[in-house]
Every structure is written in structure tokens, then in C-alpha cells.
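Here is a friendly walk through a protein model, going from the whole chain down to single residues. Please keep the viewer open as you read.

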Amino acid sequence: MAATKILIVEDEAAIREMIVFHLLRAGFDTVEAENCRSARELLVDERPQLALVDWMLPDMSGLELTRMLRRDSNNEDLAIIMLTARADEYDKVSGLESGADDYITKPFSPRELIARIQTVLRRTRSTDSATLDAGDISLDTAGHRVTSAGIEVHLGPTEYRLLQFLMTHPDRVYSRSQLLDRVWGANVYVEERTVDVHVRRLRKALSPTGTDAYVQTVRGAGYRFSTRDS
Ligand code: CA
């Protein structure tokens, strides 16, 4: 099997080289970009599985780049980890809301970097497996069956797709319009409040077993699937 390819988007050559050195040693393949423009070209040409995106870049912030990448369905399977020198809570939240899968605060140890990369890759790859498990919910993609606390849950097709999407992207906040794009499809015209209707139905179906708490409302931002408390 080919090595997992990681794109490093970082304008500081010394940091980039340090990261490349450790990633190669850990058996990954690497491609490097020193700005967002070159990163976007490499994403098309090299199809990396994961991007490490620095927060501060010369032509666009890493946050804006991440948002832009998430709006493009060609990057559906791309995992993104933000590198940030700013550790305060606000940045952590906005980083994850932009669509990053995780973030690492500088300075970080090579060991921490590799561990985070492996965790994120494991999580994003669970898309391929036939059964998705999160807390008490189990979703069998082959059989289209959902169980919650061992009890079968009957969902409409939209609720099923919504749950499957949320379970494959846990702990990440999606706005109503992002959910419309990803679950309903980018070219379908439906009003944003449609999302609320289906979220309500999904919660209702899960509520007898208490797993409706995994489908969380993030005020002013959208929805998130998480087995942790909101
Ligand atoms: Ca930088």
C-alpha cells in the first residue's frame, strides 16, 4: 500500500523542514507548500490524504484556507490539522468550526505531531468501514440499519443520511448550509430550516434510548455530532 501523503502548508522553511523530516521518518510521504495558492494546486495534483495548515500564512490565513477547502466537495475526504501559535479558547473554537479535524499548538513535539496525525487519519478513515460506532449508536452502512443502545431505530432516508454524515465527521460543527451541501447535495434547492426539521426527526427517533443528546445544537453555528457533553 502506498504511504499516506501529507501536505504541509507552512511559510517558515525551518518549521516545514522539521515537520517533513519527522513525517518521512514516521513513514509518511510529504508535499510542501509555502502559501495557500501553491497548497491548492498541490491538492489537485497530488491528492494528499491530510493537510497540516499553519494559521499564519502570507497570502491568506490558514483559517480561511480551511474554510475554502471545506466548501469544495473535491476535498471531502481530506483531513485537516491546523497548526497554531495561539492557544486561547476562541481560536480553538474558530479553528474547529472552520472545518479542521484537529489543531496542534506550537511548539509541539514530533511525537505529539505524529500521534495527532494518526488519530485523525484513523477517525476519517472509519468512513470506509461497514459499521460506524459512536457511543451507544451503531450504524451498519451495508444493511442500512441503525441501533441505539441495542434497539433498532427506524429512520427515514434523509435522517439516515444525516446521521451517517454526522457520525463520519464527529465533533465537528456544521452550519445548516454546509449540511445541505453535504447531505442533500450542492445543487439541490431546499431552505435551511429543512435541516432543522430533519434534525428534529432524527432526535425524536433516538430519544427513547437517550442518544438524541449526541446530536447537538451549537448556538449561532449549527449542529455537531458528539458522544461527549455539549
Ligand atoms: Ca506561518
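The report below covers the overall fold, the calcium site, one helix and its surroundings, and some backbone details.

This is a predicted model, in which local features need pLDDT of at least 70 and side-chain atom pairs count only at pLDDT 80 or more, while totals for chains, interfaces and linings use all residues. Residues are numbered from 1 along each chain as its sequence is written, and side-chain values use heavy atoms, with hydrogens and water left out.

**The whole chain**

The protein has eight helices and twelve strands; helices (H or I, at least four residues) and strands (E, at least two) are DSSP runs, numbered from the N terminus. Its radius of gyration is 18 Å, close to the 17 Å that the globule rule gives for 230 residues, so the protein is as compact as a globular protein of that length. That radius is taken over C-alpha atoms, and the globule rule is 2.2 Å times the number of residues to the power 0.38. Along the principal axes, the C-alpha atoms fill a box of roughly 55 × 35 × 35 Å.

Of the 230 residues, 44% are buried. Here buried means under 20% relative accessible area, exposed means over 50%, and partly exposed lies in between (1.4 Å probe, protein chains only). Among the contacts with a separation of 6 or more, 55% are between residues 24 or more positions apart, where a contact means heavy atoms within 4.5 Å.

The accessible surface comes to about 12,000 Å², and carbon and sulfur atoms hold 48% of it. These areas come from the Shrake-Rupley method with a 1.4 Å probe, and for residues only the protein chains shown count as cover.

**The calcium site**

Which protein residues are donors of the calcium ion? They are E10 (OE), D11 (OD), D54 (OD) and M56 (O), lying 2.1 to 3.0 Å from the ion. Donors are N, O and S atoms within 2.8 Å of the metal (3.2 Å for Na, K and Ca); water is not among the atoms, so sites may look incomplete. In sequence, the spacing of the donor residues reads E-D-x42-D-x1-M. Distant parts of the chain are linked here: E10 sits in the loop between β1 (5-9) and α1 (13-25), and M56, 46 residues apart from it, in the loop between β3 (50-54) and α3 (62-71). E10 is buried, with a relative accessible area of 0%, whereas M56 is exposed at 54%.

**Helix α7 and its cover**

Helix α7 spans residues 176-184, and its buried residues are L179, L180, R182, V183 and W184. An α-helix has 3.6 residues a turn, so residues three or four places apart point the same way. The cover over the buried residues of α7 includes α3, α6 (157-168), β10 (173-174), α8 (193-206) and β12 (222-225). Just after α7, G185 takes a positive phi of about 110°.

One residue of α6 is F165, which is buried with a relative accessible area of 7%. Leaving aside residues up to four places away in sequence, F165 touches Y174, L179, R182 and V183. F165 and F225 are 60 residues apart in sequence, with 9.4 Å from C-alpha to C-alpha.

Is R182, in helix α7, buried or exposed? R182 is buried, at a relative accessible area of 17%. Residues up to four places away not being counted, the contacts of R182 are R70, E76, F165, H169 and Y174.

**Loops and backbone details**

Two residues other than glycine with a positive phi are set out here.

| Residue | Phi | Loop | Relative accessibility |
|---|---|---|---|
| R47 | about 45° | between α2 (36-46) and β3 | 49%, partly exposed |
| H144 | near 55° | between β7 (137-140) and β8 (145-148) | 55%, exposed |

A130 is found in the loop between α5 (110-125) and β6 (131-134) and is partly exposed, with a relative accessible area of 41%. A130 and H144 are 14 residues apart in sequence and 9.8 Å apart in space, C-alpha to C-alpha. Beyond its neighbours within four places in sequence, A130 is in contact with L139, D140, T141 and A142.

Where is P107 placed? P107 lies in the loop between β5 (102-105) and α5. A cis peptide bond joins K106 and P107, with omega of about -5°.
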